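Here are some exercises to work through with the model open beside you. Try each task before reading its solution.

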Amino acid sequence: MTRATRLRMVLATGIAISLLAACGGNDDDDAADENEPAAEEDEQGNDEEGDDEGGEQDLPELPELTEVTAGYVSAVDQMGAAVAFDLALYDDLNLDVTLADPFPTGVDAIQAMEAGDVDFIQVGTPSIGAVLEDVDLVYLGNYTGSSTQLGIDETMAMVAAQDSGIESDDLSTLEGKSIGVSIGSINHLYLLGVLEEAGLTPDDVQIENTSPPDMGVALETEGLDAAVVWDPWPITISNSVEGASEVIRGGGYIPFIGYIIATRDFVEENPDVVKAFLTARAAADQWMRENPDEAADVVTRWIPDTEIEVAEEAMQYNIEQLDPRFSACNYVALDTMQGLLEDVDAIEDTFDVNDHFEPQYILEVMEEQPQLFDDLPEIPEEAEITADYTFDRAEAVEACPEN
C-alpha cells in the first residue's frame, strides 16, 4: 500500500492528520493533494496549529527506504502498531512497514518471528515461556505498561454472571466460584493478584481455561460464575450477556507487561531500524493519548465487529497504560510476572531479565525526542536507568511506587 493510499484511508475515516505535519510529513505534490481535504476540517476548528501545541517534530529519517514487517494481536492495547500505520508515521521515518494479519495470541506472534515472517512483535506474558525455551528475543520498549509504577492493570477486568454472588466490595465472595481465564496469560496472572488481595489462594476457586470469545457464552449458560479478560472483551460481554457486569476493573493488582520485541540477531544487525520503529510507535502512542476517540475509530477497523461505543470505552482505559519508556519498573514487572507463573507451576524456571532487555534504543529516543513523552508523568529519579543498567530486584522495588 502506498503512502497516498494510507493517507486517503486516514481522511476517509475522519482521523485528524495534524500529526502528519508535526512529524515531518512528505512535501511532494501527491502528498499536498492528499492534504487538501484537511483544510475543510481546519475551517471546523481542527486546525494544525491548534492540534500541534509543541510545534513541528523533527523526527530522524533512515537514509534509505527500509522494509520491515510487524505483528500484533487483535486487542485494544495493541492498536499502536495500526495507528502508526494509518497515520503514515512509519513512512515519515523512511520505514516501509507491512503489518501481518493479526495473530490470535502472543504465542502465535512469537512463532511467526522465529520463522522469520515478522521482524517486530508486541508480546507480554508469552515471551517468558519463549525465552525459557531458548528463543533469543530482546525487549525494546513497551506497547503497554508503566515506567513510573509497579501496579497498573486498567485494561483488565472481571465480569460476573447475574446471580454469581460475587461482590466488588467483598472479594472474599470469590471463594468457591468458577472463574474463566486463559491459563498462563496475563488475565490468569491478574486473577492471582486479585485472589492474593482477597486473602484467597488458587485452590479456593475453580479456575477454568477459557478462550476470550467463549467467555460470554460460558457466563450465559452458567458454565462460569465470572470471567477475567482484557479489553474489549469485558465491555463486550457486559453489553451482550443479560445481567452480566464488571465487578472488578484495574486496581493495581499486577504490574502489567507488554513489550515491543525482536530477535537479538535482527536488533544487532539493524540498530537504526529499531530506533526508527520505536520512534514511530512512541509518536503513535502520544497521538492515541491525545486523541482517544479518533483512536477508537482505528480499533473498529482493525478489530472486526467491534462497536464504536465499546472501542471508545476501552480506549479510555488503554491510554492509561500507553507508556513506551523503559525504567527499572519495567524490569521488576517482568521479574515479578515470572515469579507468579512459577508459583502456579505454569513455568519450571525463571531467567535473568538483564539478559534480554536492550534499553539503549528507547533511551536514545527518549533523549532525542522528548516531546513525544512530555505528556507522561515523570519517571521517579531512583527508577531512571542508563544503557548499561543492571537490574537488582530489591533496589528496583524500592524505586518504583506500587500504584
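**Exercise 1. Pair two strands and place them in their sheet.**
Find how strand β5 and strand β8 pair, and then work out the strand order of the sheet.

*Solution.* Keep in mind throughout that this is a predicted model.
- Step 1: Start with β5 (residues 156–160) and β8 (residues 226–230), which pair in the antiparallel sense over five bridges.
- Step 2: For a reference point in this pairing, take V159, which stands opposite A227 in β8.
- Step 3: Widen the view to the open sheet of five strands, where the order reads β7-β6-β8-β5-β9 and the pairing is mixed.
- Step 4: Look at the edges, where β7 (206–209) and β9 (245–249) each have a single partner strand, so one side of each is left without a neighbour in the sheet.
- Step 5: Finish with the twist, which averages 30° from one strand to the next.

**Exercise 2. Follow a salt bridge between two helices.**
Take the salt bridge between D86 and R301 and decide what it ties together; is D86 buried or exposed?

*Solution.*
- Step 1: Check the distance: the closest N and O atoms of D86 and R301 are 2.5 Å apart, and the two residues form a salt bridge.
- Step 2: Locate the partners. D86 belongs to helix α6 (residues 80–86) and R301 to helix α15 (residues 292–302), so the bridge ties together parts that are 215 residues apart in sequence.
- Step 3: Apply the cut-off for burial, which is under 20% relative accessible area. D86, at 0%, is therefore buried, while R301, at 29%, is partly exposed.
- Step 4: Look for further partners: D86, D297 and R301 are linked in a network of salt bridges.

**Exercise 3. Compare two more salt bridges.**
For the pairs E358 with R264 and K275 with E364, find where each residue lies and how exposed it is.

*Solution.*
- Step 1: Begin with E358 and R264, whose closest N and O atoms are 3.2 Å apart. The pair links distant parts of the chain, with E358 in the loop between α17 and α18 (360–368) and R264 in helix α13 (residues 264–269), 94 residues apart.
- Step 2: Test both for burial. E358 has a relative accessible area of 19% and is buried; R264, at 17%, also counts as buried.
- Step 3: Turn to K275 and E364, with closest N and O atoms 3.3 Å apart. Here K275 sits in helix α14 (residues 271–290) and E364 in helix α18, 89 residues apart.
- Step 4: Repeat the test. K275 is buried at 17%, whereas E364 is partly exposed at 30%.
- Step 5: Put these pairs in context: the model has twelve salt bridges.

**Exercise 4. Describe the two largest pockets.**
Which residues lie closest to the centre of the largest pocket, and which to that of the second largest?

*Solution.*
- Step 1: The largest pocket has a volume of about 1,000 Å³. Of its 50 lining residues, T105, G106, P126, S185 and W230 are the closest to the centre.
- Step 2: The elements giving two or more residues to this lining are α8 (106–114), β3 (121–123), α9 (126–132), α11 (212–220) and α12 (233–240).
- Step 3: Sorted by character, the lining of the largest pocket holds 27 nonpolar, 18 polar and five charged residues.
- Step 4: The second largest pocket holds about 460 Å³ of space. Its lining has 17 residues, with G252, Y253, P255, T336 and E402 the closest to its centre.
- Step 5: At least two lining residues of the second largest pocket come from each of α10 (186–197), α17 (328–343) and α19 (393–399). This lining divides into seven nonpolar, six polar and four charged residues.

Notes:
Residues are numbered from 1 along each chain as its sequence is written. This is a predicted model: local features need pLDDT of at least 70, side-chain atom pairs count only at pLDDT 80 or more; totals for chains, interfaces and linings use all residues. Side-chain values use heavy atoms; hydrogens and water are left out. On a 1 Å grid over the protein atoms alone, a cavity is a set of points where a 1.4 Å probe fits but cannot get out, and a pocket is an open set with protein on both sides within 12 Å along at least five of seven lines; lining residues have an atom within 4 Å of a point. Grid points are joined across faces, edges and corners, and a volume is the space filled by probe spheres set on the points. Helices (H or I, at least four residues) and strands (E, at least two) are DSSP runs, numbered from the N terminus. Ala, Val, Leu, Ile, Met, Phe, Trp, Tyr, Cys and Pro count as nonpolar, Asp, Glu, Lys and Arg as charged, and the others, Gly among them, as polar. A salt bridge is a side-chain nitrogen of Lys or Arg within 4 Å of a carboxyl oxygen of Asp or Glu. Buried means under 20% relative accessible area, exposed over 50%, partly exposed in between (1.4 Å probe, protein chains only). Two strands pair if DSSP finds at least two bridges between them. Axes are lines fitted to C-alpha atoms, for helices over the stretch in contact, and angles run from 0 to 180 degrees between N-to-C directions.
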